[in-house]
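Student: I should like to go through the terms applied to this structure and hear the grounds for each of them.

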Amino acid sequence: MRITEWGWAALGAALALLVLWAILGDIELVALSFLLVAAVFVGWLTVRRSVAGVTVARRLHPALVSEGDSVTVELVAATESKHVRYAVIEDEIKQLGSAHFRIPSLSPGTTYSGVYDVSCHTRGIHEVGPTIVSKTDPFGFIKVGGPVGAIDRLVVYPRTERLTGLPVLRGADPSLQATRAESVRRGGEDFYSLREYQTGDDLRRVHWPSTARRDELMIRQFEAPWEPRALVVVDPRASSYQSPEAFETAIRGAASAIHHFFREGLGANLWAGGDLTGLEENPYQAAMQALAVLQPLRSFDFGTAAGTLRVKGMGGTLVIVTGSPDVQVGSVIQHLTHHAGAVVLLTVGLGPATGFGHSGATVVAVRPGEEWAQPWMRAMQWATAGVG
């Protein structure tokens, strides 16, 4: 319970009337003062237990979204014991938006549903709630209520673009003693169980007979460990990016590359200065959630940190995402390139990434705020044309 601004104003006025009565001696001032205090007290009696027993459940549709999408929040209120009139429900998604609903009437055994939409304009993991249920007395002097229900979380992935084309992997052909282009995908493991489909799974591994029987997608699980065919490395240094928009463009490029590799059935790990993703049950979600919360670091030695990175397997694609590439980016390419069959450098800046194309990397350059799809497609076409 708390006294509202109007309630404090009424009590202040009552005190002022008592002071005037002491000065002027007019008994009517005392009566008016006590009348204001009585109104505040009656308001408290009216609402003191009016919202006790009210419960609120929340549903998010969907719980995983990308930047620019909208999420629908449904609130369902119920009361366990008493009739409730004119209560107010307040719900908030931190940094994204909030909503207020006024419940005209709520009786035991009935429910009230309120729905609101929020535009997810900022990537990240956002807290939703708790819901606040409150009621104010008819005079507006007293407000009672408090948090009800659980705190949920809404995961907003970075926005992704649909990329076209794959990097050309170069490997030794022992029969020809020459270099040839390869597009390598995982395969050859021994099938040993089934599980439900998860976002990012290779659709070529759908077990159709089981899918038909259960009426839901079932994926063949293989005994061999999950081995990605791509590593996406994000430069987290704030000094590499000319503006916050440049950093967000880089995050969108990394997310688009990861989405692209998983859609093609190749899989990808992500490294952005911390732990290497890929050991989790759902590597795609792990990588996208890591990008959702990634923020630029003010003090970070990118080259030294990447030098300690140990990559399992060889022959896949290395994608390095940065702002304006410098000596540290060059050292990272030099350290990791022997693991890769192809190196792609995504840069966000106002000028070209000069000198890095000679390192064997396919350079995809955009300006802050620009789209990645067209530059990526042109770079992949040029790389393919250059194989021979």
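Tutor: The discussion that follows concerns a predicted model, and it sets computed values against the definitions behind the terms.

Student: What makes up the chain in terms of secondary structure, and how much of it is buried?
Tutor: The chain contains 8 helices and 20 strands. Of its 388 residues, 43% count as buried, a term that requires under 20% relative accessible area. The accessible surface comes to about 20000 Å², and carbon and sulfur atoms hold 56% of that area.

Student: How do you know that strands E18 and E19 pair?
Tutor: Pairing requires at least two bridges between two strands. Strand E18 (residues 316–322) and strand E19 (residues 340–348) have 7 bridges in the parallel sense, so the criterion of at least two is met. Within this pairing, Val319 has Val344 of E19 as its bridge partner.

Student: To which sheet do these strands belong, and why are E17 and E20 placed at its edges?
Tutor: The open sheet has 5 strands in the order E17-E16-E18-E19-E20, with parallel pairing. Strand E17 (269–271) and strand E20 (362–366) each have a single partner strand, so one side of each lacks a neighbour in the sheet. From one strand to the next, the twist averages 15°.

Student: Which helix lies across this sheet, and at what angle to E16?
Tutor: Helix H4 (residues 244–263) lies across E16 (230–234), E17, E18, E19 and E20. Its angle to E16 is about 170°. Angles run from 0 to 180 degrees between N-to-C directions, so a value of about 170° places the two in nearly opposite directions.

Student: Which residues touch the most other members of the largest nonpolar core, and what does H4 contribute?
Tutor: That core has 38 residues, and Val232, Val234, Ile258, Phe261 and Leu291 touch the most other members. Among the elements that each supply at least two residues are strand E11 (152–157), helix H5 (283–293) and helix H8 (373–385). H4 gives the largest share, 10 residues. Beyond its neighbours within four places in sequence, Leu291 contacts residues including Val234, Ile251, Ile258 and Leu270. A second, separate core of 33 residues includes Ile103, Leu106, Val118 and Leu154.

Student: Why is the pair of Phe41 and Trp44 called tilted?
Tutor: This is one of 7 aromatic pairs in the structure. The ring centres of Phe41 and Trp44 are 5.8 Å apart, within the 6.5 Å limit. Their planes stand at 35°, neither under 30 degrees nor over 60, so the pair is tilted. Both residues belong to helix H2 (residues 27–47), 3 residues apart, about one turn of the helix.

Student: What makes Phe41 and Trp44 partly exposed?
Tutor: The partly exposed class lies between the buried limit of 20% and the exposed limit of 50%. Phe41 has a relative accessible area of 47% and Trp44 has 31%, so both fall in that class.

Student: How do the rings of Phe101 and Tyr116 stand, and what does the pair tie together?
Tutor: Their centres are 6.2 Å apart and their planes lie at 50°, so this pair is tilted. Phe101 is in strand E6 (residues 97–106) and Tyr116 in strand E7 (residues 111–119), so the pair ties together parts 15 residues apart in sequence. Phe101 and Tyr116 are both buried.

Notes: Residues numbered from 1 in each chain as written. Predicted model: local features only at pLDDT ≥ 70, side-chain atom pairs only at ≥ 80, totals over all residues. Heavy atoms only, no water. Helix = DSSP H or I, 4+ residues; strand = E, 2+ residues; numbered from the N terminus. Contact = heavy atoms within 4.5 Å. Phe/Tyr/Trp six-rings, centres within 6.5 Å; stacked < 30°, edge-to-face > 60°. Buried < 20%, exposed > 50% of the residue type's maximum accessible area, 1.4 Å probe, protein only. Areas by Shrake-Rupley, 256 points an atom, 1.4 Å probe, with all protein chains shown as cover. Core = buried A, V, L, I, M, F, W, Y, C linked by side-chain atoms within 4.5 Å.
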